[in-house]
Amino acid sequence: MGKVFVGCECEIEDDVEIGEFTVIGDGVKIEKGTKLERAIVWNGSYIGKNCELKGCVICNKSVLKDYVRVNEKAVVGEKNLLKDFVEVRAEAKIWPEKVVESNTVIDENIYWGTEVIKSVFWIRGITGDFNLEVTPQFAIKLGNSLGSVFDKNARILIGDDYTEKSSVIRKAIETGCQITGARLYRTRGIILPIFRYIVQDYYDAGVYVRTRGNSIRIEIFDQNGINIDKGLERKIENLFVTCDFRTSSTIHFVNELVSSPLEMYFNRLETTFDVNKLRNKKICILSEDKEIISLFDKICSRYHIKATLISGGSKHCVENLKGLCLQSEYNAGFLIDRQGEHFIMIMSDCTVYGEKLKMLLAWLEMKKFKNDRIILPEFFKSFMSDVEKLVDFPIKFTGNEIREYMKEVLDTKINYFFYYDAISSILLILEWLLDVKEMIDRVKKLEAAVI
């Protein structure tokens, strides 16, 4: 219709509608049912069935599969592949040589990488470099998806590790959630293990943002404080790519926590541990994270633990910590990672970490909570031949993913995730110190017998 230009050697099937001011280059193939209006399609491109192109530019040798929509002032660069049911919204631009998966909505410029994939989640939440994969625009869209997937009356706690980059991404997620009418509560500067318990005790869901170098990780938790399941991840991803977000005329302010998160956590500790058994224990704590050192300063003052607290260091400091523990007759020394999840223990002249430490914690949690079995992730099976010589209890294996382990722990009425919580694990060790020393002696005798 109207004035159009069609180049040489084009193949245009039946029922294709070409509107006025459309320009089609050489060697273009257009399948049936497609509509073009004021579109420019450069040489060698392929347009599939039932597509709709309006006021856009499709550059050389790009492939648009079936039911693709490209809107006003959008540009699809050279040699791109847009799979079925992709929508490129107005003014969005896709740089050359990208693959856009089916059912994806592109509403912002795509510069980086070779693939625009539907999968937002990885092994443990969402991970990517700040301002590359994880941009403020990405975070707002994620917030839209999160606010839409949870019930509108759900109480969602959002927090970060108090770094500048985490703060930028957290604020963007908050903005996206607010647009959906979600009820948000904020806490900042607490480590992830404490955040989990606050969600478990007081909220319906949680979102935590943390930074390591230039990398951002976003984890999302259900009402039990454990990472959301695959089904909920898929719902969030579908909302993310289709942009079918809930909207609300009511915007709720982000509420700061009325109670101190540390007081909430201390209340939990005091209802779980026999704090009298912690009195006068002598320990040394080493961590590169100042927040963890500050936290242990409060814990040790509150529960009358005698502690030497050292800020800074890494795994290379293990030998120095070991020497310090021997010289000063500490009950134990602990080197804690900056996330507050994992640690290395020094007791007597032994260094305990990795599978041995996790096995010890699983055995202690069984004793403390009077369960009839030890709970461990499946990858411990290769470690079990040695363990079976030490303990005579049934072992329940879970999947290796963090959620599968935590769900099994909760199902057995254990209300702590010791495997991913250095703080409560250290208090557990101090509470059962005599049993721990006895177990370490048994391990040393067993290892000596093997040698």
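This is a short tour of one sheet and several helices, to be followed with the structure open in a viewer. The model is predicted, and the residue numbers below count from 1 along the chain as its sequence is written.

**The sheet**

Begin by selecting the strands of the open sheet of six, which follow the order β20-β24-β23-β21-β22-β25 and have mixed pairing. At the edges stand β20 (126-129) and β25 (255-256), each of which has a single partner strand, so that one side of each is left without a neighbour in the sheet.

Next, restrict the selection to β23 (residues 205-212) and β24 (residues 215-221), two strands that run antiparallel and are joined by seven bridges. To find one register point within this pair, pick valine 209, whose bridge partner in β24 is isoleucine 218.

**Helix α3 and its contact with α5**

Now add helix α3 (residues 192-202), which lies across β21 (155-160), β22 (183-188), β23 and β24, and which runs at about 170 degrees to β23.

Keep α3 displayed and select helix α5 (residues 261-272): the axes of the two helices come within 10 Å and cross at roughly 80 degrees. Because angles of 65 to 115 degrees count as roughly perpendicular, that term describes how α3 and α5 are set to each other. Showing side chains here brings up Ile194, Tyr197, Ile198, Gln200, Asp201 and Tyr202 from α3, which meet Pro261, Leu262, Met264, Tyr265 and Arg268 from α5. By class, the residues of this contact of α3 with α5 divide into eight nonpolar, one polar and two charged.

**From α5 to α6**

A search of the whole structure finds 16 aromatic pairs. One of them to select is formed by phenylalanine 266 and tyrosine 303, an edge-to-face pair with 6.3 Å from centre to centre and 90 degrees between the planes. Phenylalanine 266 belongs to helix α5 and tyrosine 303 to helix α6 (residues 290-303), so the pair ties together parts that are 37 residues apart in sequence.

**Helices α1 and α4**

For the last stop, select helix α1 (residues 136-149) together with helix α4 (residues 230-242), whose axes come within 9 Å and cross at roughly 125 degrees. The two helices α1 and α4 are therefore oblique to each other, and their crossing is right-handed. On the α1 side, display Phe138, Lys141, Leu142, Ser145, Leu146, Ser148 and Val149, which meet Leu232, Lys235, Ile236, Leu239 and Phe240 in α4. The contact of α1 with α4 has eight nonpolar, two polar and two charged residues.

Technical notes. Predicted model: local features only at pLDDT ≥ 70, side-chain atom pairs only at ≥ 80, totals over all residues. Heavy atoms only, no water. Axes fitted to C-alpha atoms, helices over the stretch in contact; angles between N-to-C directions. Helix = DSSP H or I, 4+ residues; strand = E, 2+ residues; numbered from the N terminus. Parallel < 35°, antiparallel > 145°, perpendicular 65-115°, else oblique. Left-handed = near helix turned anticlockwise from the far one by under 90°. Contact = heavy atoms within 4.5 Å. Nonpolar A, V, L, I, M, F, W, Y, C, P; charged D, E, K, R; others polar. Pairing = 2+ DSSP bridges. Phe/Tyr/Trp six-rings, centres within 6.5 Å; stacked < 30°, edge-to-face > 60°.
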